[in-house]
Structures are given as C-alpha cells and as structure tokens.
Amino acid sequence: MILPILTYPNSILKKKAETVKDPLDSEIKRLVLDMLETLEKNSGIGLAAPQVGQSLRLCVIKIKNETHILINPKFRYKSWRKKIEEEGCFSLPGEYKPVKRHLKVTVEALNRKGEKITLKAEGLLSRALQHEIDHLDGILIIDKK
Ligand code: CO
C-alpha cells in the first residue's frame, strides 16, 4: 500500500522515534513492505517511518538496485572528515539545502529477519543513512547548520 508522506511542520517529524520492540511483528513487516512500495512510487532514495506517521526507529534506503532495511539503526563509526552536498527531503517538498555530513559511516541495525547487520558506507549511501537516521531523531535538513 502506498502511504501518504507527512510534510513539515507535522509534529511527528519532530519527535524522537521509539525503538522497534519486535522486528518480526506482522505490523512491522507490513510497514516495511508499504514503505518500500511508497519509496518506489516516489522514486526516492530513502524513507523513514516517522515520515509515514509511525514514530518508530525504522528506515529504508534504495540506491540503484540495492535495498537496505534498517531497524533500530545505530552509528558505530563516523569519519572525522565531512562533506557538504545538497539534499532534498520528501517531507520538505521543493526545498534543497547544502548539508554537511560525515564522509564515511558504519551503521549497525537489524534487518527484516531481525538479524544484526553492519553497513560500512561512503558516498551517497553514507549521506542517505545520516539523513534517514536524523529523521528518527526528529531532525530535518532545515535543522542542520
Ligand atoms: Co528526509
């Protein structure tokens, strides 16, 4: 099911999202499928659960043909080096802004099977991970310096 995407200033976007207690719960599985479908439909790179009205620590990222489903993601490493690049966000239609991000990050999360995964990223995936995990903390690109 394609879900409606909340836009700023919806208050859910500003909340710190809750930890997903059971990644194998059928409602979570449904939500993941719906988020993937919604991301596909909007031809985007990433989508976080709060953007579809669910204040949960869950996001999906699709770059080229690689799909990442991240439940309760946490940073394990952030490079000292940073880079500024322009970003957009579904929740801020038409708004593009240069955002400073860590060049490389390592993220630990659970996948849709509830298994622990570690993702070492640079380039666009690194940027997308930081953007989506910011959403889980109620941070939007307009909040970034
Ligand atoms: Co966004």
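Axes here are lines fitted to C-alpha atoms, for helices over the stretch in contact, and angles run from 0 to 180 degrees between N-to-C directions. With that in hand, helix α1 can be placed: α1 lies across β1, β2 and β3 and runs at about 35° to β2. The model discussed here is a predicted one.

Start with the sheet that α1 sits on. It is an open sheet of 5 strands, ordered β1-β2-β3-β6-β7, with antiparallel pairing. The edges belong to β1 (46-48) and β7 (116-122); each has a single partner strand, so one side of each is left without a neighbour in the sheet. On average, neighbouring strands of this sheet are turned by 40° against each other, direction ignored. As background, strands of a sheet pair through backbone hydrogen bonds, either parallel or antiparallel.

Going across the sheet from the β1 edge, β1 and β2 pair antiparallel over 3 bridges, and A48 stands opposite C59 in β2. C59 also has a bridge partner in β3, namely L70, so this residue links up on both sides of β2. The β2-β3 pair, residues 58-63 and 66-78, is antiparallel too and is joined by 6 bridges. These two strands make a hairpin with 2 residues between them, and K64 in the turn has a positive phi of about 55°. Right by that turn, I63 stands opposite E66 in β3. As for burial, 5 of the 6 residues of β2 are buried, so β2 is largely enclosed by the rest of the structure.On the other side of the hairpin, β3 pairs with β6 (residues 104-110) in the antiparallel sense over 5 bridges. Here F75 has V107 as its bridge partner in β6. V107 in turn stands opposite L119 in β7, and β6 and β7 run antiparallel, joined by 7 bridges.

Back to α1. A side-chain oxygen of D25 lies 2.8 Å from the backbone nitrogen of E27, capping the N-terminal end of the helix. The 16 residues of α1 should span 22 Å at 1.5 Å a residue, and the end C-alpha atoms are 23 Å apart, which agrees. Which residues of α1 are buried? They are I28, L31, V32, D34, M35, L36, T38 and L39. An α-helix has 3.6 residues a turn, so residues three or four places apart point the same way. The cover over the buried residues of α1 includes β1, β2 and β3. After the helix comes S43, whose phi is positive, near 40°.

The other helix to look at is α2. It has 14 residues and reaches 21 Å from its first C-alpha to its last, close to the 20 Å expected at 1.5 Å a residue. Helix α2 is mostly covered, with 12 of its 14 residues buried. Among the buried ones are L125, L129, H131, I133, H135 and L136, along with charged or polar names such as R127, Q130, E132 and D134. Just after α2, G138 takes a positive phi of about 75°.

Then there is the metal. What are the protein donors of the cobalt ion? They are C89 through SG, H131 through NE2 and H135 through NE2, at 2.0 to 2.3 Å from the ion. Along the sequence, these donor residues are spaced C-x41-H-x3-H. C89 lies in the loop between β4 (82-87) and β5 (97-102), while H135 belongs to helix α2 (residues 123-136), so the pair ties together parts that are 46 residues apart in sequence. Both C89 and H135 are buried.

Finally, a look at Y8, found in the segment before α1 (26-41). Buried or exposed? Y8 falls in between: it is partly exposed, with a relative accessible area of 43%. Leaving out residues up to four places away in sequence, Y8 touches L13, S91, L92, L140 and I142. The C-alpha atoms of Y8 and P93 are separated by 8.9 Å, although the two residues are 85 apart along the chain.

Conventions. Residues numbered from 1 in each chain as written. Predicted model: local features only at pLDDT ≥ 70, side-chain atom pairs only at ≥ 80, totals over all residues. Heavy atoms only, no water. Donors = N, O, S within 2.8 Å, 3.2 Å for Na, K, Ca; no water. Helix = DSSP H or I, 4+ residues; strand = E, 2+ residues; numbered from the N terminus. Buried < 20%, exposed > 50% of the residue type's maximum accessible area, 1.4 Å probe, protein only. Contact = heavy atoms within 4.5 Å. Pairing = 2+ DSSP bridges. Expected span 1.5 Å × (residues − 1). Polar contact = N/O pair within 3.5 Å; in protein donor to acceptor, adjacent residues only side chain to side chain.
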